[in-house]
Structure formats: C-alpha cells, structure tokens
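User: I'd like to go through this model with you, starting with side chains and then moving on to the empty spaces. Could you keep the terms explained as we go?

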Amino acid sequence: MGCMKWLGIFVFLSTCSQTAAQSGFQVSVFSTTSKTVYLKWTEYSGAASYKISAALKSSPSNPFAFATFGPNTVMGSITSLSQDVAYIFTVEALDASQAVLSSTSTETLTAPDVMEPIKNVKPKDSGTLTAEFTLKTGATHYIIRIENINGFFREDTVSSSPAELSNLSPYTEYSLSIMAANSVGRSQPSISVTAKTVLAPPQISTSSPSNDSIVVSWTPVAHAIQYTLSIYNFAMNAEMKYNTSNTSLTFPGLDAGSLYGIGGFAWDPEGRNGEGSLYVNQTTRPPTPSSANVSVVMSNNTAGLSVSWGLDQKVFIPTEYHVTSDQGITCNSTSSSCTLSPVGCGKVHTIQVTAFNKAGPSYPSAPVVFITFPCPPESLDLVKSSEENCTLMWNTVPYADSYEAFIKRGDGSEETCTTTGSNCTYHCQCGYTYLMSVFAHNHAGSSPQGKVLNYATVPCCPESISVSAVSTDTLEIMWIASRGAELYETRAVDSSEVILCNDTAPVCALSDLSCDSSYSVMVTPCNEISGCNHACNSHTGDTAPCMPTNLNLSLKNSSSVHVSWTANNRNATYTVSTDGGSGRYTCTTSGNSCDVTDLPCGSTYEFSVTASSSAGQSLPSFSISLETEPCCPATLKVEQVTQSMTNVSWSQAKGAHSFITSLTSLRGHASCHTQDSHCLMGCITCGTNYTVTMEAFSLSGRMANCTYQGFSSSTCCPSGVRLYKMASNSLRVYWRSTGSNHSSTAEIVGSSNNFTCTAPPGENSCDVPNIQCGDVYSVVVAPLTPEGGKVLFCPQRLYSVTCSGSDVGTVIYRGKRSVD
C-alpha cells in the first residue's frame, strides 16, 4: 500500500518535471526513514536514465547500493539502509550508452528505528495524560500519536519522558503510540497502548446566606456518581470533608465574618476520583452590628449625624458598614463610625447599621430613633410694647424644648433671652438698629440660624433746637444731630401755610415765610428703615418784622425833616436812618412818624425806615432821597475893578451848584448868576454903599439866602485933569473938584523920574517941583481911600514937557489912556 502511494508521487513528480525549465543539475532529500531515503532531482536534458548510488559518509568512494530510473523520473529511493547512519547519495544523468552526462550529490542521516511501546500512562487531570517511555539512541525528539474512538486525533512532539499530553477531553479513552525522530525523519509508530482521562472538576459556586453558613452548588459532572467537598477554615487552620451525591451542600455552624476555602472532586464508576476543582474562597457574612449611638456633628457649617457602633474583635475579614436612615440618607464606613450628612432640622430618623463583606450583608442592627435639632422659629415679629420696651414674638416649632433670643444693638451691645414660650421683651431705645434672631433647642442641640429680623427704632428727637430769624422771610433752625437720624424734615406752620425743608445736616433754613408771623417749628428725624419720629416737640419762632411801606418826607425847616410811613407790624420799633452827607442821623419811635433834626446844609440823604422786634429786624423800606438847602459860602469878597465894575468872589459852598450874587443900593442894583465862585459885576456907582446878598442853589433847585457885610464903592476918579507949567521948573496938576472928603494924589511918571503930590480933602490941585524937561509924562490923579490907599483904576493922561533952554518949556497934551 505504501509503495503504491509513493508510486503515485513519483508519477506526479515525473509529469511535472517534463514541463520544468532546464537549469543546473541538482539533488535534494525529500524524505527519510530508518531504512529508506527518498531523493528528488532536477531533470537533465538529453538524459536517457538516472542512477542513484549510496555510500557511507565515512567511505564515500565505496558505494554499496544502486538504483536506476527512467528518463522521465525525477524522484527515487534507496532502501535497506541502517537507522541513524550518515550516507552520501550521488545521482548521475546517463545517455543511451550509459555515459555520465552530469552528476550531483547530497548527504543525509537516516531516521531512528521503531521504538518500544509506551511503558506507562496515567491521568494527571481530566484533560491531561502523563506518558512514560524508553528513550531511543539517536533520537533528538519524540512524536506521540493520539487516537480516539474516531481514529487519528493528533500528534504531540515531546523531548523526554515522562511527557504530558494536555488538552484532552475528560473521561475519554485514547490510544497512544510513539515515534523516535531526528533532524531528517521519524521512525515507524510503536505498538499502541490505551489510557482514559479522569472526570472533570466540579464548577463550584458558593454563597453565604447567613453569618454562620455557606452554601456550595455546582453543575453535574458527566459520568460522576458521587462528589467529595472539603472546607478549610483559614483562621483555625482546620479542614472538614463531606461526601454527597447531590449537586449542592450547606456548611452550617461557621464563624461569622471568616474566610473559608472550598474545593471538591467527582468519582467515576470505576472508583477513580476526578480532577479536583480550584479552591473557592468564600467569606461568611459579618455579624450583626451592635446598637448604634447617634449624635449631631457639624462640618463646614453642615449638620450631620455621627453614628457609631461596636466592632467584633474576632472578625478579621474586611468589612464595610452601611448606615441608613428612613429619611433617605446613607453613609458607608470600614471603621466603627459614619456620618449621615446632610441632615435637616426637625426630622425623626430611624437609623440602622448593616455590615457588608464579600459574602453579602449582615442582619441590620436594632433600629435607633433619633430626633434632630429643631428648625429655626419662623414669622419673627416685633411689637413696641411701651416707650422703650419691645416684644419679639415667633411661632413655636416641633421638637423644641426651649428658645433663646439674641438681640444685638447697632453699637455692639448684645442682649439674650431664654424662654420656653414664644416671645421675649427687651429694652429698645430710639435711634438704634437691632438685629434679632431666635434659636430653638432640644437634646440634639441648637437649631440653625433662621430669619434675622432687622429692626430700627425711630430716630431720637433732636436736642438743643434753636430757632432764629435770619431775614424777614427766613428762619434758621439749628440742633444737635440725633442718634439714628439720616434725614431731618423741618416743618414751619402758621395759620395759613406750611413750609417744609428736608436735609441731612442738623441745620435748616426755612425761606419764603411771611414776615412778622409766629410759626410752630418741628424738626422730625427720619431714616430709611424705620421712617420718621413724629413724637418730637414743636418750637415757636417768629419771623422778623415786615418792611415799612409808604415812606413820606417833608422838610420842616432847613435842618429838620418829618418822616412818616405805614406801620404794618404787630409790635415793632421803627428806626429812621439817613445815609449820605456827613454823619448819620436817626430817629426812633413805636409809631408811624418821627422828625430827623440837625441835618447839616448842602447834603443829600437817603431816608429809610427799619422795623425791629425781639425776632429780628426787617428789611429797610424803600429809600427816598432828600437834599437839604445848600450851604452859604463862608466868605465873600467884593473888589472894585474899575470905577463902575467890581469883581465878587466867595469861598466854596457845600451843596451849592449855582449862585446869584446881588449888590443893591438906593442909587442902583447889580447882580450876576454863575456856577463859578466869582463873577464880574458892572453898573457900579462910585462912592456908593451897597448891600451884598447871595442866593445859593442846589442841583435840585433848593435855595439858600445868604447875606454879607455891605460894600462901599470907591470915591469917584477926578475928571478934567490938566498939567500946567509953573515957575521954577514946577508943574501944577489940576482936576475938577469931586467935592468928597477924601484926599487925592497925583502921580507924574516919566521915563527916568517919578513925581507925586497930594492934595488935602476939598482941594483940586497940587504942584510938583523940579520937573525935568524934555520927557513924556503920564499923569494919574486918584482919590485916596480912608486907609490911605490909592484908587488904582483912575485913567492917566500923557503930556510932553519940552525944554526951553534948561527950563521947562511948553507942556503939550498927548492924549488919554486907561491904566495899564
């Protein structure tokens, strides 16, 4: 049969080689056994046959076996070789005459010989058999062929004995044979032996339904008739075994919270124990925690319930504790305490602790009922029970045993009140802000802070209020700033009006009031929180008197004025005052008129009337101007300029703007009207006594009559003045007689000599001796005043006095001219 298989391979290879492309002639080992070597070579063109020869590698020149093949064969074998021996094989391509066309060689080792059957096979586990066999010289490894009831199963390569054959099916019979192999091939299989694997291990699952038992269950193992289970207590280092034909088993009476190792195996009908299962670690459930202790704790302003319990010192297995409340909050811990957070106020909690480990939960601890701290009271309200007492009220809350109210004043002082009721009374003063809060207490502690009531008492009433009139329509109110006031409302009320002023400063001016009126003034302090304090006392303030009206003036004489007005105030004193001129002149009365006297001349005055009372002073009335008569000039001087003209001058006169000066006599009248302080007045008669008067006028036309000392005009200048030659070089001056009682003087003035002569009263000539001839002389004859002065305005005449030898010759009249 084997030869037929190889023949088929040869034919196939020969067919394929006919189409192969010719290349270098080569040979290779295709397969090797302990007795036979199969060679493969390339087809050689022109070869009629191929010859294979075999020689020991140690004697390559001494072939001992031959085999010949036809031209179409490219594979052949040589048999009857020895196992595990090195050979050299040569292939020659021969032509038809058996001549060698080409040759090629290769060497190989033959495979080992057939081995002895496997000596011993025993199961290691349900999927592994252990095979023991005798080693073969020359083998580098071994091949075990495995067959089951269906025939060939697989071949495993192993290196030594014993060898493990794994990945087999549980409780299955196998046929095993072994082959030795080296690098070139394998031996023929040995005689086979049979062996059966054992039962598969049970697939155990465990659980702990209680803290003192473990339930083990598994899937039935095929072909098993009984099971053995063992349980190992790690804490006690003790093991117990149980047999059963069922597929579950309960281990009772175990220690709570302890670790156990559980394993088992099945028995087959032949009485063999199957593969043992892996040990499964199983913990019993933890013991029930002892009754819990509960207290309130705070963390980061958050309230919680600290729950603690006792630990069983015999339990070493890691245990987690689960704390629950029927209010829906939980916490977990691996120690003996845990905090339920957050918790609210006024809640009733039923708390239990359950221990957990890998096995599951314990029975919960006995429930503990705990009431949390009460909720803060709501609906805080404040009632002012008396002038300085306030009552804080609130609603009671469930589970509260007592209440504590805190009242903190704006200046930092604090007051507390503890009660089992729902209100507290405390001392509250004006002008303070109070922050009030109420805490409820029970065995669990204090409630959280609830609503804080912010209450501000009304501001305190201002003190030291002063009301003063600053004008006829304005009252200034000042006071000391009051505690708690942010704004002051100042109100002035009389019979007909209400005036308001709002300001933050402790001063207010109420304007637009009625003059000479009495007002009720109230300062009301206010703030934004508590409003205004309307219980403050009022104060009375009077405005200043009204301004007098209808002022009238009338001059009683040059220095006295009668002043009258309309008196329109209830009770006032009136003062008339002047402004202007020199000095200040007044008169005071409670009526409606008075006289201002001793007014100096030449002044303009503004008259006004002011009313005053205890409330103040009115505005002055509208003023009226009045001029007094201008003053007369203190001095007046009359100087005669010519015989018929005088120059009148006078000193300054206060208030006078223009003057009319008059000279009056029985022989005539002269006057002048001027704004100057002098004037020329003509038409004066010489030798006449005059009365001198003046009228001084102010700008408004007010006049003063002024009288001065009389004036007498000078004696009249002589007329008809002539100059006559007399004997002994003298000249006589002659004039018409004036018939006055004044003496007269004659002046003769030449270019180099002056001559005078005087005539006593009644005379009308006088002589001048020793006249120098040959000169022109001016001649002036003037009467003398009673004081001896010469009248200066008399005219002069010019005369030429010629010489007659050394004496005076002819006197020639040259003309007449006025005095220079």
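User: What sits over the ring of Y171?

Analyst: The charged end of K196 does, 4.5 Å from the centre of that ring, where sitting over a ring requires NZ of Lys or CZ of Arg within 6 Å of the ring centre and within 35 degrees of the ring normal. Please keep in mind that this is a predicted model, in which local features need pLDDT of at least 70 and side-chain atom pairs count only at pLDDT 80 or more, while totals for chains, interfaces and linings use all residues. Residues are numbered from 1 along each chain as its sequence is written, and side-chain values use heavy atoms, with hydrogens and water left out.

User: And which residue lies over the face of Y432?

Analyst: That is R409, at 4.2 Å from the ring centre.

User: OK, switching to rings: how many aromatic pairs are there?

Analyst: The structure holds 26 of them, counting rings of Phe, Tyr and Trp (its six-membered ring) whose centres lie within 6.5 Å, with planes under 30 degrees apart called stacked, over 60 edge-to-face and the rest tilted. One of these pairs is W394 with Y403, which is tilted, at 5.9 Å centre to centre and 50° between the planes. Another tilted pair joins Y426 and Y434, with 5.7 Å between centres and 55° between planes.

User: Are W394 and Y403 buried or exposed?

Analyst: W394 counts as buried because its relative accessibility is 4%, and Y403 is buried as well, with a relative accessible area of 3%; buried means under 20% relative accessible area, exposed over 50% and partly exposed in between, using a 1.4 Å probe and protein chains only. Y426 and Y434 are both buried too.

User: Which residues do ring pairs link into a cluster?

Analyst: The cluster consists of F25, W41, Y44, Y50 and F69.

User: Now the empty space: which residues are closest to the centre of the largest pocket?

Analyst: The largest pocket holds about 440 Å³ of space, a volume being the space filled by probe spheres set on grid points that are joined across faces, edges and corners. A pocket here is an open set of points on a 1 Å grid over the protein atoms alone, with protein on both sides within 12 Å along at least five of seven lines, and lining residues have an atom within 4 Å of a point. Of its 18 lining residues, S712, S713, S714, T715 and T785 are the closest to the centre of the largest pocket.

Methods
On a 1 Å grid over the protein atoms alone, a cavity is a set of points where a 1.4 Å probe fits but cannot get out, and a pocket is an open set with protein on both sides within 12 Å along at least five of seven lines; lining residues have an atom within 4 Å of a point.
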